[in-house]
Amino acid sequence: WTKFANENPECLPNIAASCGTSPNDFERLSDVLNAIPGITYVCLDVANGYSQHFVEFVRKVRIAFPSHTIIAGNVVTGEMVEELILSGADIIKVGIGPGSVCTTRMKTGVGYPQLSAVIECADAAHGLQGHIISDGGCTCPGDVAKAFGAGADFVMLGGMLAGHDQCDGEIIEKNGKKFKLFYGMSSSTAMQKHAGGVADYRSSEGKTVEVPYRGDVEDTVKDILGGLRSACTYTGAGKLKELPRRATFIRCTQQLNNIYV
């Protein structure tokens, strides 16, 4: 980390130190933040933010690092968003089950429709001067626009950015076509890689898939940004922050005309 910080000081304002909630995680987080003062964001990242232990861990980190920006999640209800903000978090990560390589809803029966979660959680967070990140569920630039329109301050993307040069992993060639591996962090692949395997008391809650190799990510990012600009134009929003005040959501049976698919 120190070597990376010395070689890339311009990147530090855009980096968050991520950790879990064990005592070892707190020690490691403290070591990183004390060694690299340029990192000012902390991401307390757990699959299930509904525990008293997590709330207390957020409080512990806030006391230890009073000037850092704390991101905490994941949750899907306004009540828990309020609890975490009042405990010291600045930004709440919202989403349980919507990701393209997440199988939590299938394995556990637990989840929440992502658009509804964003609408409810954004309202709760903004009432306390907090912010939210919509984490998961986007399949196209229009979904990103809907997340911002629902009140999200930030939008996380996994599947839409998978398969590019900037993603970790080697290119796989099969039958003349190129692919890259994409897997959820609760998948057996991730747990084998980072945690020594799937523990006996739990199941894998993520998939491992091969996605088509897509080259450099720049064109994909430009496509997403272009969609967001047009969404603001269609709705009359002068800037992205205005989008929630201009957006109206209407329930429909399908998003696209698929006659030529």
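Two strands count as paired here if DSSP finds at least two bridges between them. With that in hand, let us walk through this predicted model, starting with a pair that meets the criterion: strand 7 (residues 172–174) and strand 8 (residues 177–183) are antiparallel and share three bridges. One of the contacts to look for is Glu173, whose bridge partner in strand 8 is Lys178. Strand 7 and strand 8 make a hairpin with two residues between them, and if you pause at the turn you will find Asn175 with a positive phi of about 50 degrees.

Strand 8 also pairs with strand 9 (residues 208–212), again in the antiparallel sense, over five bridges. Here Phe182 has Val209 of strand 9 as its bridge partner.

Now turn to the parallel sheet. This open sheet is built from six strands, in the order 1-2-3-4-5-6. Strand 1 (16–19) and strand 6 (154–156) are at its edges; each has a single partner strand, so one side of each lacks a neighbour in the sheet. On average, neighbouring strands of this sheet are turned by 25 degrees against each other, direction ignored.

Within the sheet, take a look at strand 2 (residues 41–45) and strand 3 (residues 69–75): they run parallel and are joined by five bridges. To follow the register, start from Asp45, which has Gly73 in strand 3 as its bridge partner. Finally, bring helix 3 (residues 52–64) into view. Helix 3 lies across strand 1, strand 2 and strand 3, and its direction is at about 175 degrees to that of strand 3.

Technical notes
Residues are numbered from 1 along each chain as its sequence is written. This is a predicted model: local features need pLDDT of at least 70, side-chain atom pairs count only at pLDDT 80 or more; totals for chains, interfaces and linings use all residues. Side-chain values use heavy atoms; hydrogens and water are left out. Helices (H or I, at least four residues) and strands (E, at least two) are DSSP runs, numbered from the N terminus. Axes are lines fitted to C-alpha atoms, for helices over the stretch in contact, and angles run from 0 to 180 degrees between N-to-C directions. Contact means heavy atoms within 4.5 Å.
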